[in-house]
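Open the model in your viewer and keep the selection panel at hand. The tour goes from one residue outward, stop by stop.

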Amino acid sequence: STPSYSAALLEAPKEGTCRVYLASKAAESSLTLPKVKIAIDFCLRQATVQDQTRRQLELPLSQWTSRASTNQRGGRVGRSSAGLVLRMVPREFYEAVLPAYDTPDMEQAS
């Protein structure tokens, strides 16, 4: 992303405009995007996996994220007014399959 595009994200949208974002790991930061009303979360994250036999990092791999991460992503919505988080997995899957927390990055790299 370019600096001007990033700056535009932080500006309040025009009156009558609603912002929707696709949740990502970047949405887990403390960044506040003005007037975000809806977040769509696919409950996935990109993880770089180390190939133990070749001792090198592989291309990013999509993995299920944790419930803690999805909750953090949902925190970007409704900061200035009511909002909605749409998680694109069934509730039963969310509760039974997604881990409570992600494995720390340092543990994944070893």
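Start with leucine 22, which sits in strand β1. The model is a predicted one. Is leucine 22 buried or exposed? Its relative accessible area is 58%, and the cut-off for exposed is over 50%, so leucine 22 counts as exposed.

**The surface patch**

Keep Leu22 selected and add Phe42, Leu44, Trp64, Leu84, Leu86, Met88 and Val97. Together these residues form a nonpolar patch on the surface. Show their accessible area: the patch adds up to about 750 Å².

**The aromatic pair**

Stay with one patch member, Trp64. How many aromatic pairs does a search of the whole structure find? The search finds one. Select tryptophan 64 and phenylalanine 93 to see the pair. Their geometry is edge-to-face. The ring centres are 4.8 Å apart, and the planes meet at 65°. Now colour by element: tryptophan 64 belongs to strand β4 (residues 56–64), phenylalanine 93 to helix α3 (residues 91–96). The pair therefore ties together parts that are 29 residues apart in sequence.

Check the exposure of each partner. Tryptophan 64 has a relative accessible area of 41% and is partly exposed. Phenylalanine 93 is partly exposed too, with a value of 24%; the cut-off for buried is under 20%.

**The strands**

Go back to β1 and select residues 19–22. Add strand β2, residues 36–41. In which sense do β1 and β2 pair? The pairing is parallel and runs over four bridges. Look for tyrosine 21, with alanine 39 of β2 opposite.

Next, select strand β5, residues 84–87. β2 pairs with β5 as well, in the parallel sense and over four bridges. Stay on alanine 39: valine 85 in β5 stands opposite. Alanine 39 thus faces tyrosine 21 in one pairing and valine 85 in the other.

**The whole chain**

Zoom out and switch to cartoon. The protein chain has four helices and five strands. Trace them from the N terminus: the order is α-β-β-β-β-α-β-α-α.

Now colour by burial. Of the 110 residues in the protein chain, 23% are buried. Turn on the surface: the chain exposes about 7,600 Å², and carbon and sulfur atoms supply 59% of that area.

Last, draw the contacts with a separation of 6 or more. Residues 24 or more positions apart account for 53% of them.

Terms used:
Residues are numbered from 1 along each chain as its sequence is written. This is a predicted model: local features need pLDDT of at least 70, side-chain atom pairs count only at pLDDT 80 or more; totals for chains, interfaces and linings use all residues. Side-chain values use heavy atoms; hydrogens and water are left out. Helices (H or I, at least four residues) and strands (E, at least two) are DSSP runs, numbered from the N terminus. Buried means under 20% relative accessible area, exposed over 50%, partly exposed in between (1.4 Å probe, protein chains only). Contact means heavy atoms within 4.5 Å. Accessible areas come from the Shrake-Rupley method with a 1.4 Å probe; for residues, only the protein chains shown count as cover. Two strands pair if DSSP finds at least two bridges between them. Patches are made of residues with over 30% relative accessible area and no salt bridge: like charges are joined within 9 Å, nonpolar side chains (Val, Leu, Ile, Met, Phe, Trp, Tyr) within 5 Å. A salt bridge is a side-chain nitrogen of Lys or Arg within 4 Å of a carboxyl oxygen of Asp or Glu. Rings of Phe, Tyr and Trp (its six-membered ring) pair if their centres lie within 6.5 Å; planes under 30 degrees apart count as stacked, over 60 as edge-to-face and the rest as tilted.
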